[in-house]
Amino acid sequence: MNDPRKLYVKSFGCQMNVYDSRRMADTLAPHGYAETAAAAEADLIILNSCHIREKAAEKIYSELGRVRRLKEAAAAAGRRLVVAVAGCVAQAEGEEIIRRAPAVDLVFGPQSYHRLPELLARAARDGKAVDTEFPIDDKFDHLAAPSAAATRARGVSSFVTVQEGCDKFCTFCVVPYTRGAELSRPVAKILAEIEHLAAAGVREITLIGQNVNAYHGEGTDGRPWSLARLLHRVAQIDGIERLRYTTSHPRDMDDDLIAAHRDLGTLMPQLHLPVQSGSDRILAAMNRRHSCADYRNTVERLRQARPDLALTSDFIVGFPGETEGDFAATLSLIDAIGFSGAFSFKYSPRPGTPGADMTDQVDEAVKSERLQRLQAAIDRNQAAFNRGCLDRTLDVLFERRGRHAGQLVGRSPYLQPVQVVAPAALIGEIAAVTITDIASNSLFGALAATPAPVFAPEPALAGAGA
Ligand code: SF4
């Protein structure tokens, strides 16, 4: 039997890309490809690109410079290295990638990766292949399921894509252009995938989508199901002990989904709910379709349902037209909500989006200075949230060994990393841990003699800035 060909996949950006990269590896496994962590020994390198962050395309081109040298070294050693660019930059740039980086053999968008074996054959036959169509068929129908061994190697926590694309058209965002219109997977297919993961030992599932709470897939009764209904059904799968979902849009937090945070014990008390800005004027310019008051009202309802809910968010500073007053409103919102963490970025125009054509762009130096102040406010909130966990006993799902001998690393219900001296047999298990220390946003603790309380909201956790 031939040795497996070696596949090296590098993911950029969000968890959707991490999931897609894994599914690409699963798709190629039956075709004789085994994953490697060493790019230098690969026969196929896939760069799975992301277009959200600043200078995304430039990062891919500079990575391609390194990959070109690997390709030359492979050729000198008599080996053929095939280079592919996937994901949102591939979707946006198409053939331009091959024109600028001739070492690339294959370019394909996020809706085409189920056709990878066929595209590789086309590239081998024709020299190059480009596929950035939005095909009518559902790529998920054509993807191979991961083997039990591959699933176990990826850990006890797994992402499952339930929804792709977005119809919201925020003026700063490329997703509606690169990932296309909203598409929800049917419930039966999602359940089959999660049952397969649970049977291989996965304990925690995060349902993912660019606008996950707009989920409206066909249910097992043939009618559209909401995300809340899907979560209730997934919670019944044997072996699944924790559920999360991301990323949500504030407008799509409906009553049933909010109630699920009260009623569903497996749904973890942590939610990523991007707000982007605390200024109504900027939210309108961003076409976010919600006001600051709408957001605060949603958070209040969520906290009535689940008082200890840990909220994280995304912020963009320096969106065109943002004044010091708009920015101050964002800082006040951060302190009013008491986020347990957040991602924050300076606005950078994405070609083809309405924001890129706005004339009142903010000076770079102003953006940098605001970003620093914003991050200081988030750090303060996060530290307050973490301090609220000290001396509490929390359930921790152990994921892997830590850096130090005898230490394991797991996640709290609030998604904080927790480091504990504990036997390796606890990997994949949930155990009660008393939090004894905090450093650099990691919690440290000791196995507790008594179980964690089932539901123990602490006033300190309801909002650091209150
Ligand atoms: S809702 Fe999210 S994915 Fe959709 S356009 Fe807005 S930022 Fe992009």
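Here are four short exercises on this predicted model, each with a worked solution.

**Exercise 1. The nonpolar cores**

Task: Find which helix gives the largest share of the largest nonpolar core, and which residues L227 is in contact with beyond its neighbours within four places in sequence.

Solution:
- Start with the core itself, which has 52 residues. Those with the most contacts inside it are I194, I205, L207, L227, L230, L231 and Y245.
- Next, look at helix α8 (residues 187–199): six residues of this core come from there, the largest share.
- Now pick L227. Leaving aside its neighbours within four places in sequence, L227 is in contact with L207, V212, N213, Y215, Y245 and L257.
- Finally, look for a core apart from this one: it has 24 residues, including F12, A57, V67 and A74.

**Exercise 2. Two helices side by side**

Task: Decide whether α9 and α10 are roughly parallel or roughly antiparallel.

Solution:
- Helix α9 covers residues 227–234 and helix α10 residues 255–263; their axes come within 8 Å and cross at roughly 30°.
- Angles under 35 degrees count as roughly parallel, so α9 is roughly parallel to α10.
- To see who meets whom, take L227, A228, L231 and H232 from α9, and D256, L257, A260 and D263 from α10.
- Sorting the residues of this contact gives five nonpolar, one polar and two charged.

**Exercise 3. Salt bridges across the chain**

Task: For D20 and R179, work out where each partner lies and whether the two are buried or exposed.

Solution:
- Begin with the idea: side chains of opposite charge can pair when their charged atoms come close.
- Here the side chains of D20 and R179 form a salt bridge, with 3.0 Å from N to O.
- D20 sits in helix α1 (residues 15–28), while R179 is in the loop between α7 (175–178) and β9 (183–184), so the pair links parts of the chain 159 residues apart.- Both D20 and R179 are buried.
- Compare another pair: D131 and R115 meet in a salt bridge at 2.6 Å, N to O. D131 lies in strand β6 (residues 129–131) and R115 in the loop between β5 (106–108) and α5 (116–126), so this pair ties together parts 16 residues apart in sequence.
- D131 and R115 are buried too.

**Exercise 4. A buried asparagine**

Task: Is N386 buried or exposed, and what is N386 in contact with?

Solution:
- Locate N386 in helix α14 (residues 364–387).
- Its relative accessible area is 2%. Buried means under 20%, so N386 is buried.
- Leaving aside neighbours within four places in sequence, N386 is in contact with Q416, I438, N441 and L443.

How values were computed: Residues numbered from 1 in each chain as written. Predicted model: local features only at pLDDT ≥ 70, side-chain atom pairs only at ≥ 80, totals over all residues. Heavy atoms only, no water. Core = buried A, V, L, I, M, F, W, Y, C linked by side-chain atoms within 4.5 Å. Buried < 20%, exposed > 50% of the residue type's maximum accessible area, 1.4 Å probe, protein only. Helix = DSSP H or I, 4+ residues; strand = E, 2+ residues; numbered from the N terminus. Contact = heavy atoms within 4.5 Å. Axes fitted to C-alpha atoms, helices over the stretch in contact; angles between N-to-C directions. Parallel < 35°, antiparallel > 145°, perpendicular 65-115°, else oblique. Nonpolar A, V, L, I, M, F, W, Y, C, P; charged D, E, K, R; others polar. Salt bridge = Lys/Arg side-chain N within 4 Å of Asp/Glu carboxyl O.
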